[in-house]
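Subject: Structure for you to look at

Dear colleague,

Here is the structure I promised to pass on to you, with my notes below it. Please keep it open while you read, and look up each residue as it comes up.

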Amino acid sequence: MNHSALGRVRYVMLDDYSIRFMLAAMRKTFGAWSASLRFYLGSFLGAGLAERLELNGLRGISALMRLEEIYEEMGWGKMKVVRFDPMKGIIVLVLKDSLEGMATNDGCHITRGHLAGFVSYVLNTRVSVEEVACVSRGDGRCEFVIRI
Ligand SMILES: [Zn+2]
């Protein structure tokens, strides 16, 4: 598949049943550690995505501006940046139809880690990411607050 932001990439497809099964198996196998493992898995994937964008000439804000498009293309859900205030060091993102949120019951830790890894890489500084709303907890959408 060819993509303007990611260059030429090969995707591995996982259906939502497989994602749900994998997350349940992780919780059963690792218990409370599952959330941390998912966060770190996501952060490595996010940093890897940012590195790949950088190799394609997209860095910093230019890479951030492609996040909505990439999330939707990759099937994570419909991402929307609802607040971008670098002067105050805050970015707020809303994710609708979160695959992870619909497949788990304890929050989107892979997604939270993915955002942390991605944004930390593109801004070249460590950021924190908090999920303040989640469909897995009955909210209508997932919402992430990134503090720079
Ligand atoms: Zn969520």
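Leu93 stands opposite Phe144, a residue of strand S6. Please keep in mind that this is a predicted model, and that what follows was computed from it. Strands S4 (90-96) and S6 (142-147) run antiparallel and are joined by 6 bridges. They belong to an open sheet of 4 strands, which come in the order S3-S4-S6-S5 with antiparallel pairing. At its edges lie strand S3 (78-85) and strand S5 (128-133), each of which pairs on one side only. On average, neighbouring strands of this sheet are turned by 20° against each other, if direction is ignored.

Phe144 also leads us to the interior, for it is one of the residues that touch the most other members of the largest nonpolar core, a group of 31 residues in which Ala50, Leu115, Phe118, Val119 and Val122 share that role. Two or more residues of this core come from each of helices H2 (33-55), H3 (60-64), H4 (67-74), H5 (99-103) and H6 (109-123), and from strands S4 and S6. Which of these elements gives the most? It is H6, with 8 residues. If we leave aside residues up to four places away in sequence, Val122 touches Ala50, Arg59, Gly60, Ala63 and Leu64.

Helix H2 deserves a look of its own. With 23 residues at 1.5 Å each, H2 should span 33 Å, and its end C-alpha atoms are indeed 33 Å apart, so the expectation and the model agree. Its buried residues are Arg38, Phe39, Gly42, Ser43, Gly46, Leu49, Ala50 and Leu53. To see the reason behind such spacing, recall that an α-helix has 3.6 residues a turn, so residues three or four places apart point the same way. The cover over the buried residues of H2 includes helix H1 (16-30), H3 and H6. Just after H2, Gly57 takes a positive phi of about 90°.

Finally, a step back to the whole protein, which has 6 helices and 6 strands, following the pattern β-β-α-α-α-α-β-β-α-α-β-β along the sequence. For 148 residues, a compact globule would have a radius of gyration near 15 Å, and the protein has 15 Å, which agrees. Its C-alpha atoms fill a box of roughly 40 × 35 × 25 Å along the principal axes, and 34% of the residues count as buried. Among contacts with a separation of 6 or more, 55% are between residues 24 or more positions apart.

With best wishes

How values were computed. Residues numbered from 1 in each chain as written. Predicted model: local features only at pLDDT ≥ 70, side-chain atom pairs only at ≥ 80, totals over all residues. Core = buried A, V, L, I, M, F, W, Y, C linked by C-beta atoms within 7 Å. Buried ≥ 20, exposed ≤ 12 C-beta atoms within 10 Å, placed from the backbone. Contact = placed C-beta atoms within 7 Å. Rg over C-alpha atoms; globule rule 2.2 N^0.38 Å. Pairing = 2+ DSSP bridges. Axes fitted to C-alpha atoms, helices over the stretch in contact; angles between N-to-C directions. Expected span 1.5 Å × (residues − 1).
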